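This report covers charged side chains and one helix in a single chain. The sequence and structure come first, followed by the details.

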Amino acid sequence: MHCVSRVAHCWPPSSSQLHKHWILSQATKMPSAARPSAMAKSTAAHHAISALFSEPLDFSEMPLVVQYEVKYQKGTMTWAMRMPRRRPERTMKLLEDGYQTSGKDFSDETPWVIMFSPNLTCPDTKIHFIFHHKNPITGEYEEKHLTLPPKPSIEKTTNLYTLVLHPNNTYDVLFNKQSHVDCEAICKLELKAKILTHIRCHMDDMQIAVETGVDSVDIVIGTSFLREFSHGKDMIYITKTAIEVINFVKSKGIEVHFFTEDSFHSDLVDLLSIYQTVDKIGVNRIGIADTVGGANPRQVYDLVRTLRGVVGCDIEIHLHNDTGMAIANAYTALKAVGNILENFTPAVNPLKEIDDPEDKKPED
């Protein structure tokens, strides 16, 4: 493949015996045919690639932007990206001016100026930004660390990491910044509609969301047994976090909706407990989500009917059409609340992820 040789020429891998090889391949999770990725395939091993700039970077007059994407495939301990590094973590480094190399012979001792990377080592999950600063008095270099680092995502989707260094010695560390920019832009359109954003039940995310100017937020967190493979938190933690985040949003005068993810695979006692809790502290609406599209009308009717009897706020249901039952489920949900549309909102995702027998033509 021509693109493989081109990437290998621009980003040569380290030739150190400690470093394993990279490959250019499609992602195993949510692949993109147009965008093959540089992948580190060996587990519990060092991987390193580098590229030289044509000239030293100078941000004394214009900002310097460092940006890259990461997609985790099989957990969080197998990916590495460095330019290069001293510590066994996933990281990108900008090297000290004057260190000229082909990129194949650098080691963990190579001098660097900036390190910028996601660190998913539990429980200290954070985004690293470390700057080698020369003390003007002693002349010695010191490591300056980000004091309040944001937390990166561990989901197996593409995430964008951005570092902006400004000429006035300030900086911005951004995670998936584009969503923030898009949301702000929509809010500034002065539309005759409420602007709502759907966001994780996480204080860092929520602080960013409220700054965009939205009218309301959909707070979502996984509550089914599958949460073991996502955020990994128990219901005590989920409840505590939900209360903290909801109270914060309310203090900003923003409308609050609270959703559980994969509601129909969640324990009923857990669902009733979390919904009653958020109802008592004043959410405007609770949401049920058939995240994988597997619910049937009987399940929908029973859950909606039960919730209508234990919460006083509005109820919304989000349905997927994977099994072709979304419309029937929406109708059944309306029947469960007596067709009272003022405080019940069904929403149908038309995505259909399985074959429809009606779409298949009969064989000749």
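## A buried salt bridge between strands

The model is predicted. In it, Glu316 and Arg285 form a salt bridge, with their closest N and O atoms 2.9 Å apart. The pair links distant parts of the chain, since Glu316 belongs to strand 16 (residues 314-320) and Arg285 to strand 15 (residues 285-290), 31 residues apart. Both Glu316 and Arg285 are buried.

## Other salt bridges

A search of the whole structure finds five salt bridges. One of them joins the side chains of Arg200 and Asp205, at 2.6 Å from N to O. Arg200 has a relative accessible area of 29% and is therefore partly exposed. Asp205 has a relative accessibility of 14%, so Asp205 counts as buried.

The side chains of Glu142 and Lys144 also meet in a salt bridge, with an N to O distance of 3.3 Å. Glu142 counts as partly exposed because its relative accessibility is 29%. Lys144 is at 42% relative accessibility and likewise counts as partly exposed.

## Buried aspartates without a salt bridge

Side chains of opposite charge can pair when their charged atoms come close. Two buried aspartates are listed here without such a partner.

Asp279 is located in helix 5. Asp279 is buried and has no salt bridge; Arg308, the nearest side chain of opposite charge, is 6.8 Å away. A salt bridge requires a nitrogen to oxygen distance within 4 Å. The side chain of Asp279 does reach the backbone nitrogen of Gly312, at 3.0 Å. Leaving aside residues up to four places away in sequence, Asp279 touches Val310, Val311, Gly312 and Cys313.

Asp262 lies in the loop between strand 14 (255-261) and helix 5 (268-280). Asp262 is also buried and lacks a salt bridge, and its nearest side chain of opposite charge, Arg227, is 9.4 Å away. With residues up to four places away in sequence not counted, the residues that Asp262 touches are Ser224, Leu226, Ala289, Thr291 and Val292. Of these contacts, Ala289 falls within the residue range of strand 15 (residues 285-290).

## Helix 6

Helix 6 consists of twelve residues, 297-308. At 1.5 Å a residue, helix 6 should span 16 Å, and its end C-alpha atoms are 16 Å apart, so the expected span and the model agree. At the start of helix 6, a side-chain oxygen of Asn296 comes to within 3.1 Å of the backbone nitrogen of Arg298.

Which residues of helix 6 are buried? They are Val300, Leu303, Val304 and Leu307. Viewed down the axis of helix 6, these buried residues fall within an arc of 95°, so they line one face of the helix. In general, an α-helix has 3.6 residues a turn, so residues three or four places apart point the same way.

## The chain as a whole

The chain has 364 residues, of which 40% count as buried. Its secondary structure comprises seven helices and 17 strands. Among contacts between residues at least 6 apart in sequence, 62% join residues at least 24 apart. The salt bridge of Glu316 and Arg285 links residues 31 apart in the chain.

How values were computed: Residues numbered from 1 in each chain as written. Predicted model: local features only at pLDDT ≥ 70, side-chain atom pairs only at ≥ 80, totals over all residues. Heavy atoms only, no water. Helix = DSSP H or I, 4+ residues; strand = E, 2+ residues; numbered from the N terminus. Buried < 20%, exposed > 50% of the residue type's maximum accessible area, 1.4 Å probe, protein only. Lys, Arg positive; Asp, Glu negative; His and termini not counted. Contact = heavy atoms within 4.5 Å. Expected span 1.5 Å × (residues − 1). Arc of directions from axis to C-beta. Polar contact = N/O pair within 3.5 Å; in protein donor to acceptor, adjacent residues only side chain to side chain.
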